[in-house]
Amino acid sequence: MSKSYQNPIVRGMYPDPSIVQVDGTYYLANSTFEYYPGIAISQSQDLVNWQQMPGVIKTTKQADLSQAKSNEGIFAVNIRYYQGYFYVITTNFSEFKTIIIKGQLDKQQQQIIWENQRVEVDIQGIDPDLYFENNHVYVQFTGYIDNKGTKAIQQVEINLTTGQILREPQALTLGTGGRDVEGPHIIKRNDWYYLLMAEGGTGLGHMITMQRSHSLWGPYQAPLEVNPLFTNRDRADEPLQNIGHADLFQDVQGKWWLTCLGTRPSPLDFSRITNLGRETLLYPVIWDKEWPQIYQGVPTQSVDLTKFAQHAKNIGEQKLENFTDDFKNNQLNSEWLSLRNNLKERLHLEPGKLTLVGSDYQIEDLGTPSFIGIRQSEAQETFSVTLDSQTTQLNQGQAGIISLINADHYLALMLKYDKLQQQYQVLKVTKVADLKQVETVATMQTLPEKLLIRNKPASKQFVACWSDQEIAFELSALHLSNEAVAALNTGDVQGIYVLGNAQLTICQAQRQ
């Protein structure tokens with residue numbers, strides 16, 4: 001039991017949170033867009049300390065991400081539990097198909113085994129939600145209802161096994177007046193169907209709203225004073241912004257909670273920039289009247305549970321742990337991500353080492369480059385890798401460390417071997433929109449022992465380290481921000497990157 005905790009509860013690019021509680025364990029699903037594995041799943045016993053599980057989508061039969069452009073792929077995901085099975089429903093935007101994948105806990109109750117086959121639902125929209133009632137299954141989603149760009153929350157009834165639509169789409173609501181109504185979830189309470197939504201776009205105008213109806217099929221309405229239910233859209237000084245896309249769930253004591261996404265912009269001169277993407281937040285809910293009261297009405301970073309004694313019983317002591325991977329296991333840590341597909345024969349694990357073999361795919365190509373990374377989780381943190389010089393080879397290729405927010409915005413420190421001079425070149429690589437620059441900043445006789453990125457709120461410093469020397473250069477973090485890219489779906493991911501016939505072997509990776 002703890003009297004307070006800090007948001008985000010899951011840090012870095014973990015947007016569109018959805019939580020379900022099963023037998024005292026909480027399961028969280030997040031969107032992953034063009035990254036692989038698709039659909040991030042985490043589990044927790046106390047709601048504030050989360051352990052990442054293997055991702056859901058690992059085969060093209062589940063979802064084909066091979067053509068997923070930046071900010072496409074796996075859109076808002078919803079997780080539910082029904083009659084002994086987990087169900088995730090999402091839209092793979094690169095295929096523009098709404099899909100359901102079924103899973104079940106293994107015998108040890110430690111992992112979820114997800115089925116290789118998917119169920120397709122033929123709806124024209126995104127942000128799908130599953131609602132179960134009296135052996136009937138319904139899908140809510142957001143989509144256009146005319147050729148003028150009017151969006152509405154719509155609903156169909158489906159056959160869960162086949163995805164067949166049993167009742168055609170019907171509009172439930174246009175929302176409460178904000179633009180881009182999305183992220184629907186149905187909650188039934190006291191003979192009312194409550195429809196939780198997000199409106200205002202995914203930027204600073206984002207807000208959580210709610211309407212209700214006595215009928216599942218509407219009409220859904222709410223008094224004007226109810227909405228927005230939860231937002232920071234007019235509180236520019238709050239450290240958390242872009243509050244929206246929420247889910248409501250109950251803990252083991254039956255107390256209500258709200259999880260939602262938000263961002264932590266960093267100050268930069270007279271503005272703010274967001275490198276971490278949209279993160280997962282959590283707030284206690286009092287629902288003893290007609291409408292839920294979310295915390296104290298303001299989405300804050302620090303959550304005081306003094307007035308929420310029953311909620312506090314479920315909260316443990318929050319531990320913000322660093323990431324260290326020494327590659328001691330024969331399976332890749334679940335926090336690592338690649339782009340669009342697995343790295344197959346290009347990634348090799350052996351006790352104490354990870355080797356990544358290069359390819360001709362570059363980050364800006366629509367393919368799976370030899371890249372593997374983890375999410376940046378704090379505005380100020382260091383990501384480092386320790387090289388194994390015996391196995392690393394740079395023949396006719398390059399290898400190094402990289403930070404990216406999408407295919408056209410990345411910064412890197414790359415190493416290249418000059419056979420003629422028998423020296424290693426340290427390259428500064430900058431890719432911003434359609435401008436790419438590659439500059440040699442130093443030449444050295446040996447490979448560095450470490451490569452690292454020192455993230456700061458306004459800059460990123462790339463460093464190659466030898467026992468007696470450092471080569472470093474600094475670039476603006478603005479280049480990899482949501483504001484500069486105008487891509488609000490993803491955040492910065494940092495890792496290693498190999499091109500051509502090179503191969504890079506590392507024996508440790510850290511984020512601290």
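## Burial and surface

Of the 512 residues in the protein chain, 60% count as buried, where buried means under 20% relative accessible area, exposed means over 50%, and partly exposed is what sits in between (1.4 Å probe, protein chains only). This is a predicted model, so local features need pLDDT of at least 70 and side-chain atom pairs count only at pLDDT 80 or more, while totals for chains, interfaces and linings use all residues. Residues are numbered from 1 along each chain as its sequence is written, and side-chain values use heavy atoms, with hydrogens and water left out.

The accessible surface of the protein chain comes to about 21100 Å², and carbon and sulfur atoms hold 44% of that. Those areas come from the Shrake-Rupley method with a 1.4 Å probe; for residues, only the protein chains shown count as cover.

## Overall build

The protein chain has two helices and 40 strands. Both kinds of element are DSSP runs numbered from the N terminus: helices are H or I with at least four residues, strands are E with at least two. The C-alpha atoms fill a box of roughly 80 × 50 × 45 Å along the principal axes. For 512 residues, a compact globule would have a radius of gyration near 24 Å, and the protein chain has 23 Å, which agrees. That radius is taken over C-alpha atoms, and the globule rule is 2.2 Å times the number of residues to the power 0.38.

Among contacts with a separation of 6 or more, 58% come from residues 24 or more positions apart; contact here means heavy atoms within 4.5 Å. As for charge, there are 43 positive and 55 negative side chains, and the centres of the two sets lie 2 Å apart. Lys and Arg count as positive, Asp and Glu as negative, with His and the chain ends not counted; each charge is placed at NZ of Lys, CZ of Arg, CG of Asp or CD of Glu.

## Two domains

The protein chain splits into domain 1 (4–313) and domain 2 (323–511), with bounds from an automatic or database domain assignment. Taken over C-alpha atoms, the centres of domain 1 and domain 2 are separated by 32 Å. The contact takes 36 residues from domain 1 and 36 residues from domain 2.

## Around strands E18 to E21

Thr263 sits in strand E20 and counts as buried at 1% relative accessibility. Setting aside neighbours within four places in sequence, Thr263 touches Pro239, Leu240, Gln241, Asn242, Thr274, Gly277 and Arg278. Pro265 is in the loop between strand E20 (256–263) and strand E21 (266–268), and Pro265 is buried too, with a relative accessible area of 15%. With the four-place neighbours again left aside, the contacts of Pro265 are Pro239, Gln241, Arg272, Ile273 and Thr274. The C-alpha atoms of Pro265 and Gln241 are separated by 7.3 Å, although the two are 24 residues apart along the chain.

Met207 lies in strand E18 (residues 207–213) and is buried, with a relative accessible area of 6%. Met207 and Asn242 are 35 residues apart in sequence, yet 7.5 Å apart in space, C-alpha to C-alpha. Beyond its neighbours within four places, Met207 has contacts including Met197, Phe230, Arg233 and Ile243.

## Backbone oddities

Most residues other than glycine have a negative phi, and most peptide bonds are trans. Here are some exceptions. The bond from Tyr36 to Pro37 is cis, with omega near -5°, and Pro37 is in the loop between strand E4 (35–36) and strand E5 (40–44). The bond from Gly218 to Pro219 is cis as well, with omega near 10°; Pro219 lies in the loop between E18 and strand E19 (241–250).

Phi turns positive at Gln109, near 60°, in the loop between strand E9 (97–105) and strand E10 (112–114). Gln109 is partly exposed, at 44% relative accessible area. Asp127 has a positive phi of about 60° without being a glycine, but this residue lies in strand E12 (residues 126–133) and is buried at 6%.

## A loop residue in domain 2

Gln396 is in the loop between strand E31 (381–387) and strand E32 (397–406), and counts as exposed at 59% relative accessibility. The C-alpha atoms of Gln396 and Ala502 are separated by 6.4 Å, with their positions 106 residues apart along the chain. Apart from neighbours within four places in sequence, Gln396 is in contact with Lys419, Gly500, Asn501 and Ala502.
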